[in-house]
Amino acid sequence: TAVAPPAPPKSSPPALCHAAVRLTLHVPKHQRIIKVTVYRGRHRLLVRRGRHLRRVSVRHLATGRFRLRLVEIPRPGHRFTRTIRVRNCHQLTPSRRRR
């Protein structure tokens with residue numbers, strides 16, 4: 001009789017950080033942010049729309065090191081992109097790039 005090989009062990013889901021990462025938006029002078037999108041890699045994590053956004057919170061992030069990309073839109077046709085490095089839900093140094 002043939003015995004089936006054992007099933008491979010299931011990988012556990014990545015550990016999640018329970019604290020939210022609060023990101024303060026950089027508002028240009030005499031303007032206001034009306035839309036914010038947060039990406040991790042190519043995955044969109046968060047979209048917020050409003051009249052005057054000042055900060056956003058991102059929850060349920062995996063532990064470890066990764067980068068978040070913030071796309072801030074003060075008005076249609078304009079866009080500010082920032083990249084923020086995050087490690088275990090602790091914010092590190094941000095870098096800002098204007099398009």
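Hi everyone. Let me begin with a definition: a charge sits over a ring if NZ of Lys or CZ of Arg is within 6 Å of the ring centre and within 35 degrees of the ring normal. With that in hand, look at R40, which lies over the face of F66 at 4.1 Å from the ring centre. There is another such case in this structure: R69 lies over the face of Y39, at 4.4 Å from the ring centre. Please keep in mind that what you see is a predicted model.

What about pairs of aromatic rings, then: how many does a search of the whole structure find? The search finds 0 aromatic pairs.

Let me step back to the overall fold. The protein has 9 strands and 0 helices, so its pattern along the sequence is simply β-β-β-β-β-β-β-β-β. Of its 99 residues, 28% are buried. The accessible surface comes to about 7,800 Å², and carbon and sulfur atoms account for 50% of that. If you take the contacts between residues at least 6 apart in sequence, 48% of them join residues at least 24 apart.

Now to the inside. The largest nonpolar core has 16 residues, and L23, L25, V36, V38, V56 and L68 are those with the most contacts inside it. Which strands supply at least two residues each? They are β2 (21-24), β3 (33-40), β4 (43-53), β5 (55-58), β7 and β8. L68 is a nice residue to click on. Beyond its neighbours within four places in sequence, L68 is in contact with L23, V38, Y39, R40, L45, L61, R82, T83, I84 and V86.

You may have spotted R82 in that list, and R82 brings me to the charges. In general, side chains of opposite charge can pair when their charged atoms come close. The structure holds 1 salt bridge, and R82 and E72 are the residues whose side chains form it, at 3.1 Å from N to O. The two sit 10 residues apart, R82 in strand β8 (residues 80-87) and E72 in strand β7 (residues 65-73), so the pair links distant parts of the chain. Are these two buried or exposed? R82 has a relative accessible area of 3% and therefore counts as buried. E72 is buried as well, because its relative accessible area is 0%.

Let me stay with β7 for a moment, since R67 is also in that strand. Unlike a buried residue, which is under 20%, R67 is at 53% relative accessibility and so counts as exposed. Leaving out residues up to four places away in sequence, R67 touches Y39, R40, G41, T83, I84 and R85. With R85, the C-alpha atoms are 4.4 Å apart in space, while the two residues are 18 apart in sequence.

Over in strand β3 we find T37. T37 counts as buried because its relative accessibility is 7%. Setting aside neighbours within four places in sequence, its contacts are R44, L46, V47, R69, L70 and V71. R69 is the arginine I showed earlier over the face of Y39.

One last stop, for those of you who like backbone angles. Most residues other than glycine have a negative phi. H30 has a positive phi of about 65°, although it is not a glycine. Where is H30? H30 lies in the loop between β2 and β3, and at a relative accessible area of 77% it is exposed.

That's my tour; thanks for listening!

Technical notes. Residues are numbered from 1 along each chain as its sequence is written. This is a predicted model: local features need pLDDT of at least 70, side-chain atom pairs count only at pLDDT 80 or more; totals for chains, interfaces and linings use all residues. Side-chain values use heavy atoms; hydrogens and water are left out. A salt bridge is a side-chain nitrogen of Lys or Arg within 4 Å of a carboxyl oxygen of Asp or Glu. Helices (H or I, at least four residues) and strands (E, at least two) are DSSP runs, numbered from the N terminus. Buried means under 20% relative accessible area, exposed over 50%, partly exposed in between (1.4 Å probe, protein chains only). A nonpolar core is a set of buried Ala, Val, Leu, Ile, Met, Phe, Trp, Tyr and Cys residues joined through side-chain atoms within 4.5 Å. Contact means heavy atoms within 4.5 Å. Rings of Phe, Tyr and Trp (its six-membered ring) pair if their centres lie within 6.5 Å; planes under 30 degrees apart count as stacked, over 60 as edge-to-face and the rest as tilted. Accessible areas come from the Shrake-Rupley method with a 1.4 Å probe; for residues, only the protein chains shown count as cover.
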